[in-house]
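Colleague: I should like to learn how the features of a protein model are read from its atoms. May we take them one by one?

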Amino acid sequence: MLDEMLLHNVVGLTFIKKDGSTRIMNCTKSYSLLSSFEGRTFLKYQEPKGPPRNLPDNLLTVWDIDVMGYRRINCDTVNIESVIPDENFRKMLIEKFVG
């Protein structure tokens, strides 16, 4: 469910990291957002280098909006805080950076 949600949205979530601390993250897997002009320019999106890794079922690789890089999240401990459709998020980026 989360993986599917991330394909078309920017999701604000919290999860427990490997070290036991709580992490807050805004993330996505929306290729249409990330590969857009706004994604490449304002989010510094870069295509992955090499094939995807085989990960345990509970880990998911996402693009961290705030850090502007790939991160892994533990799906077993995720709490979804907010969901913004990718097209709305693109408009927010344009308003923020272009005016």
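Modeller: The discussion below takes up strands, a helix, nonpolar cores and three single residues. Please keep in mind that this is a predicted model.

Colleague: Let us begin with strand pairing. Which strands are joined to S1, and how many bridges join them?

Modeller: One lists the bridges between strands and notes the direction in which the strands run. Strand S1 covers residues 9–16. Six bridges join it to S5, residues 79–85, and this pair runs antiparallel. Six bridges also join S1 to S2, residues 22–28, again in an antiparallel arrangement. As examples of the register, Val11 stands opposite Val83 in S5, and Leu13 has Met25 in S2 as its bridge partner.

Colleague: Is S1 mostly covered or mostly exposed?

Modeller: It is mostly covered, with seven of its eight residues buried. The hairpin of S1 and S2 has five residues between the strands, and there Gly20 adopts a positive phi near 95°.

Colleague: How does one read a helix, and what span should H4 have?

Modeller: An α-helix has 3.6 residues a turn, so residues three or four places apart point the same way. The length can be checked as well: helix H4 (residues 86–97) has 12 residues, and at 1.5 Å a residue these should span 16 Å, which agrees with the 16 Å between its end C-alpha atoms.

Colleague: Which residues of H4 are buried?

Modeller: Asp86, Phe89 and Leu93 are buried. They cover an arc of only 55° around the axis, so they lie on the same side of H4. The elements against which the buried residues of H4 pack are S1, H2 (31–34), H3 (37–42) and S5. Just after the helix, Gly99 takes a positive phi of about 105°.

Colleague: Asp86 was among the buried residues of H4. What does Ser30 touch?

Modeller: Not counting residues up to four places away in sequence, Ser30 touches Leu6, Leu7, His8, Asn9 and Asp86. Ser30 lies in the loop between S2 and H2, and its relative accessible area is 0%, so it is buried. Its side chain also makes a polar contact of 3.3 Å with the side chain of Ser32.

Colleague: How should one approach the nonpolar interior, and which residues form the largest core?

Modeller: In soluble globular proteins, nonpolar side chains tend to be buried together. Here the largest nonpolar core has 12 residues, among them Leu2, Leu6, Val11, Leu13, Met25, Val62 and Ile73. At least two residues of this core come from each of H1 (2–6), S1, S2 and S3 (59–64). A second, separate core of 10 residues includes Val10, Leu33, Trp63 and Ile65.

Colleague: Where is Val62 found, and is it buried or exposed?

Modeller: Val62 is found in strand S3. Its relative accessibility is 1%, under the 20% cut-off, so it counts as buried. Beyond its neighbours within four places in sequence, Val62 is in contact with residues including Leu6, Met25, Cys27 and Ile73. By contact, one means heavy atoms within 4.5 Å.

Colleague: Where does Met68 lie, and how accessible is it?

Modeller: Met68 is in the loop between S3 and S4 (69–74). With 36% relative accessibility, Met68 counts as partly exposed. Leaving aside neighbours within four places in sequence, its contacts are Phe42, Leu43, Lys44 and Trp63. As for distance, Met68 and Ile84 are 16 residues apart along the chain, and their C-alpha atoms are separated by 17 Å.

Note on methods. Residues numbered from 1 in each chain as written. Predicted model: local features only at pLDDT ≥ 70, side-chain atom pairs only at ≥ 80, totals over all residues. Heavy atoms only, no water. Buried < 20%, exposed > 50% of the residue type's maximum accessible area, 1.4 Å probe, protein only. Helix = DSSP H or I, 4+ residues; strand = E, 2+ residues; numbered from the N terminus. Pairing = 2+ DSSP bridges. Expected span 1.5 Å × (residues − 1). Arc of directions from axis to C-beta. Polar contact = N/O pair within 3.5 Å; in protein donor to acceptor, adjacent residues only side chain to side chain. Core = buried A, V, L, I, M, F, W, Y, C linked by side-chain atoms within 4.5 Å.
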